[in-house]
Structures are given as structure tokens and as C-alpha cells.
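Thanks for passing this one along. Here are my notes, in the order I'd go through them with the model open on screen.

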Amino acid sequence: MKYLVIGAGGVGGSIGAFMTEAGKDVTLIARGGHLKKMQQTGLAMETTVKGNYVVNPIKATDMEHYKDTPDVVFVCVKGYSLGETVPFLQRICDAHTIVIPILNIYGTGGRLQKELPDALVTDGCVYIAAQIKEPGVIWQNGDIFRIVYGVRTPEEFRPELLQVAADLKDSGIEGVLSDNIRRDALQKFSYVSPMAACGLYYHVSAGEVQKTGEARDTFVKLMKEIDALATAMGVPFQVDIVATNLKILDTLSPTASTSMQRDVYAGKSSEIDGLIYEVVRMGEKYQVSVPTYEMVAKKAKEQGL
């Protein structure tokens with residue numbers, strides 16, 4: 001199948017590199033110096049598992065110059081950039097196209113489906129620690145690389161979704177076709193949202209939350225509030241979400257931080273609305289008390305974020 005990856009950051013760049021190495025037909029959509037470097041010298045990967053290597057050539061272009069019709073589109077942009085991808089997606093997608101958004105923001109697929117009524121838009125999430133180190137270079141930390149995706153109703157299922165999982169496996173990526181993507185995407189959200197909220201509130205990286213103390217206690221409280229939301233939404237977690245997420249946290253490098261934190265500290269646009277303020281709105285919608293999120297949101301608003 002013909003794949004398109006919109007966004008060539010840590011997530012999208014890694015997908016493009018792994019699938020290109022495996023001989024899959026994949027094109028990356030990027031821009032600026034990062035795109036120019038990939039077109040000139042390929043995409044350099046610095047990894048803790050596979051070592052350092054360069055994928056060259058790698059197909060990369062911008063939205064303006066992409067003229068094909070893909071079978072599968074992975075949307076890997078930040079939540080605040082999603083809107084600018086919609087006209088592009090409307091141009092390149094048709095009734096057979098499958099769009100798989102793997103953003104940090106919960107519920108993206110359902111919202112995007114309304115903008116793309118002809119295509120199939122799933123929901124999805126990704127487990128990976130990676131980021132752009134410099135133009136043309138992706139730094140990937142750790143050995144977790146898992147993409148979870150699925151349809152929201154059984155009627156939407158297509159056999160091609162199984163082929164996506166097979167192609168990801170061929171590429172060294174764990175592809176999981178979920179039978180309950182609302183729950184599984186919320187489970188991923190139950191880690192990234194509390195970690196972003198806790199890191200921002202205390203202005204700390206993973207190392208401080210890995211230690212016994214106030215930051216770790218707050219992280220646990222935030223996770224429990226998401227857990228209560230999951231139950232109220234009718235998609236209760238099937239694992240002990242606190243134990244599961246603490247295990248993930250404790251395997252990270254102490255210097256690890258969330259992309260939302262890095263964007264805030266750099267004065268850039270961030271995903272704070274979808275990762276923090278949206279949880280407060282969800283609490284109101286489902287009548288679930290989220291006092292810890294309200295505390296974090298209040299401080300963030302006071303700081304003008």
C-alpha cells in the first residue's frame with residue numbers, strides 16, 4: 001500500500017525511516033530546513049537500540065508539491081497544527097483512503113472524520129520517545145515503538161487495517177489493531193496528559209517525578225482523575241493504570257520531558273488546551289471531580305498559558 005506520513009518529527013520521522021528501510025512505499029510531508037536536509041542527505045536516526053544510521057534516499061516533500069493519492073495516511077502533527085492539514089487531506093483523500101491520526105490529543109479521529117466524510121478516519125495513539133535533534137536528524141530513546149489504532153464502530157472495519165499492522169510489523173514497529181480504540185487511546189492519554197500537567201506545574205523532567213515526593217504524588221492523583229473519567233465515559237481501563245504508567249515513567253531517562261513542556265518553555269504554541277484544559281471540560285461534561293487538573297489549569301492560566 002501507498003503510505004503518507006504528515007509531520008516528520010520524532011514520531012512521523014521514525015515511521016518514515018523504519019518503513020522506508022523495510023522497502024515500503026512511504027512519503028514524508030515536512031517543511032523548512034528539516035525537509036531540505038532530508039531531500040539532500042536523507043534522514044539520520046540516532047537510536048539506543050539500532051545505533052546511528054542514515055536512511056537515504058527517503059521520499060520527502062511538502063503539502064504543496066504532493067500530488068499523489070495515498071492508501072493510508074498517518075497524521076503525526078501537533079494538535080494545534082491539525083487544522084492546517086485539513087484542506088490538504090481533503091485534497092488528497094478519496095473514499096478508499098484510511099487516515100490514522102496518532103496525536104497526543106484524545107478524540108482527534110472523531111473530530112477529523114467530520115472534515116473528511118468520504119475517507120475512513122480511525123483513532124490512534126503511539127508509544128515512542130523521539131524528537132528532532134536538528135534538521136535531518138531524529139533522536140529516538142528506548143526500544144518502545146508501538147502504534148495502536150482502530151475504528152470507533154464495527155461497521156467501519158476494513159480488511160486493509162490488518163495489512164497496515166502487517167506492514168508495520170515488517171518495518172520493526174509494533175502495530176496493534178485495537179478492538180476498543182476509545183479505551184486504548186484514553187489509556188495512552190492517561191500517561192501523556194498527567195505527565196505533561198505534572199511536569200509543567202512543577203517545572204521538572206521525568207527524574208523528579210521518578211522520585212518519592214510531591215511531584216510523584218501529584219502525578220498519581222492526575223492519573224486517578226483520568227481513571228475516574230474513563231469509568232464515567234463507559235470505557236473503564238482493564239489494567240491498574242497507576243501501576244502501568246508508573247512502570248513506563250520509571251524506565252525513562254531522568255532528563256525526559258514532554259513535547260508540551262518543551263514548546264511552552266520555548267514560547268511556542270503548545271498542546272496545553274488538549275492536554276490540560278480539555279480534561280477540566282471533560283470533568284464538567286461527565287460530572288467527574290478533577291481537582292488536581294483544576295489546580296494545574298489555574299496556575300497555567302495565571303501564567304498566561
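1. Is Cys125 buried or exposed? Keep in mind that this is a predicted model. Cys125 has a relative accessibility of 2%, and the cut-off for buried is under 20%, so Cys125 counts as buried.

2. Now try Cys198 with the same reasoning. Its relative accessibility comes out at 0%. That is under 20%, so Cys198 is buried too.

3. What about disulfides? If you search the whole structure, you get 0 of them. Take Cys125 as an example: its nearest cysteine sulfur belongs to Cys76 and sits 12 Å away. A disulfide needs the two sulfur atoms within 2.5 Å, so Cys125 is in no disulfide.

4. Next, have a look at the sheet. It is an open one with 3 strands in the order 9-12-13, and the pairing is mixed. Strand 9 (123-127) and strand 13 (174-177) are the edge strands, each pairing on one side only. Going from one strand to the next, the twist averages 15°.

5. How do strand 9 and strand 12 pair? They run in the antiparallel sense, with 5 bridges between them, and strand 12 covers residues 146-150. For a spot to zoom in on, pick Val126: its bridge partner in strand 12 is Ile147.

6. Finally, find helix 6, which spans residues 181-202. Helix 6 packs on the sheet and touches both strand 9 and strand 12. Compare directions and you'll see that helix 6 makes about 35° with strand 9.

Note on methods:
Residues numbered from 1 in each chain as written. Predicted model: local features only at pLDDT ≥ 70, side-chain atom pairs only at ≥ 80, totals over all residues. Heavy atoms only, no water. Buried < 20%, exposed > 50% of the residue type's maximum accessible area, 1.4 Å probe, protein only. Pairing = 2+ DSSP bridges. Helix = DSSP H or I, 4+ residues; strand = E, 2+ residues; numbered from the N terminus. Axes fitted to C-alpha atoms, helices over the stretch in contact; angles between N-to-C directions. Contact = heavy atoms within 4.5 Å.
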